Amino acid sequence: MEKIVLFSGAGISAESGLKTFRDPDGLWKRYSLEDLATPGAWSRNPSLVLEFYNARRRQLGEVEPNAAHRAVAELEEQFAVTVVTQNVDDLHERAGSTNVVHLHGQLNQARSTMDSDLILDLGFRDIVLGDLCPKGSQLRPNIVWFGENVNNLEVAAAAIEAADKVLVVGTSLSVYPAAGLIHHASAQAEKVMVSMDLDSEPQRFTWLQGKAAELVPAVVETWLSGG
Ligand code: OAD
């Protein structure tokens, strides 16, 4: 079976109604990343950080996967698919993808502040000050903040290296080390990138400029029909 890696960023979930980070109406244009998504922010003002992620999580409970997520799930009919995502939403899983590698954590999980391996499923519930892990420390969102270690980098790099086709969707490729992963794609692999906008033409990838919910189903249809 041919292997496919789908590498996604916030743009794949934009048409579900979740804001991206760096587009003109993106989250980091409206909110200060330094006040919300760093270990320093958490130590200075944990309730502000919790409220920001509680709002994101509640919103996630109100949205649905879109045609791009669903098309990616359909690839499993004929290919061995690994989804490597920078996204913290669960829309790939809800669309039916069964092998999803999260690099930046998951919004619907809480994590112990005492033991980073102690992760609890939250669903769409809030975390508030005083919510404790089984070992007695405050719970925090299971999100990788700036300055923290990215999860699953090795497994993601190995999947990309081994892939026959790599499809990159909806990422500005501006946050490292995640963005650097695409350079692991082999020279022989078919490499396609779908994004509304990019700062510069991607090297080695064919760039299809436009919306994920329109272009990803078209790419998937071509691949499923042997093209
Ligand atoms: P960005 O907001 O940086 O980039 C989103 C990309 O998606 C841009 O290139 C847009 O042009 C494109 N885009 C927007 N709408 C689209 C659509 N409908 N169809 C296709 N493309 C679209 O988001 P990321 O690259 O995911 O980290 O950001 C990387 C990381 O920065 C995130 O994982 C997050 C953030 O801080 C954490 O949460 C730890």
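A polar contact is a pair of N or O atoms within 3.5 Å. The views below apply this term to a predicted model.

**View 1. Backbone polar contacts of the ligand.** Three residues place backbone atoms within reach of the ligand's polar atoms: Arg 22, Gly 170 and Met 196. A polar backbone atom of Arg 22 is 2.8 Å from an oxygen atom of the ligand. At Gly 170, a backbone N or O atom lies 3.3 Å from a ligand oxygen atom. For Met 196, the partner of the backbone N or O atom is a nitrogen atom of the ligand, at 3.3 Å. On its own, the ligand has 790 Å² of accessible area, of which the protein covers 95%.

**View 2. The residue shell around the ligand.** The ligand is surrounded by 24 residues, and those that come nearest are Phe 21, Arg 22, His 104, Thr 171 and Ser 172. By class, the shell consists of 9 nonpolar, 10 polar and 5 charged residues.

**View 3. The second largest pocket.** This pocket holds about 300 Å³ of space. It is lined by 16 residues, with Leu 173, His 183, Ser 200, Pro 202 and Gln 203 the closest to its centre. The lining comprises 8 nonpolar, 5 polar and 3 charged residues.

**View 4. A stacked aromatic pair between two helices.** Among the 6 aromatic pairs in the structure is the one formed by Trp 28 and Phe 52. Their ring centres are 5.8 Å apart, and the angle between the planes is 25°. The pair counts as stacked because planes under 30 degrees apart are assigned to that class. Trp 28 belongs to helix 2 (residues 27–30) and Phe 52 to helix 5 (residues 46–60), so the pair ties together parts that are 24 residues apart in sequence.

**View 5. Backbone exceptions in two loops.** Most residues other than glycine have a negative phi, and most peptide bonds are trans. The peptide bond from Tyr 176 to Pro 177 is instead cis, with omega near 10°. Pro 177 is located in the loop that runs between strand 7 (165–169) and strand 8 (190–195). Asn 152, although not a glycine, has a positive phi of about 60°. The loop containing Asn 152 lies between strand 6 (139–143) and helix 8 (153–162).

Technical notes:
Residues are numbered from 1 along each chain as its sequence is written. This is a predicted model: local features need pLDDT of at least 70, side-chain atom pairs count only at pLDDT 80 or more; totals for chains, interfaces and linings use all residues. Side-chain values use heavy atoms; hydrogens and water are left out. On a 1 Å grid over the protein atoms alone, a cavity is a set of points where a 1.4 Å probe fits but cannot get out, and a pocket is an open set with protein on both sides within 12 Å along at least five of seven lines; lining residues have an atom within 4 Å of a point. Grid points are joined across faces, edges and corners, and a volume is the space filled by probe spheres set on the points. Ala, Val, Leu, Ile, Met, Phe, Trp, Tyr, Cys and Pro count as nonpolar, Asp, Glu, Lys and Arg as charged, and the others, Gly among them, as polar. A residue is near a molecule or strand if one of its heavy atoms lies within 4 Å of it. A polar contact is a pair of N or O atoms within 3.5 Å; within protein, one must be able to donate a hydrogen and the other to accept it, and residues adjacent in sequence count only if both atoms are side-chain atoms. Accessible areas come from the Shrake-Rupley method with a 1.4 Å probe; for residues, only the protein chains shown count as cover. Rings of Phe, Tyr and Trp (its six-membered ring) pair if their centres lie within 6.5 Å; planes under 30 degrees apart count as stacked, over 60 as edge-to-face and the rest as tilted. Helices (H or I, at least four residues) and strands (E, at least two) are DSSP runs, numbered from the N terminus.
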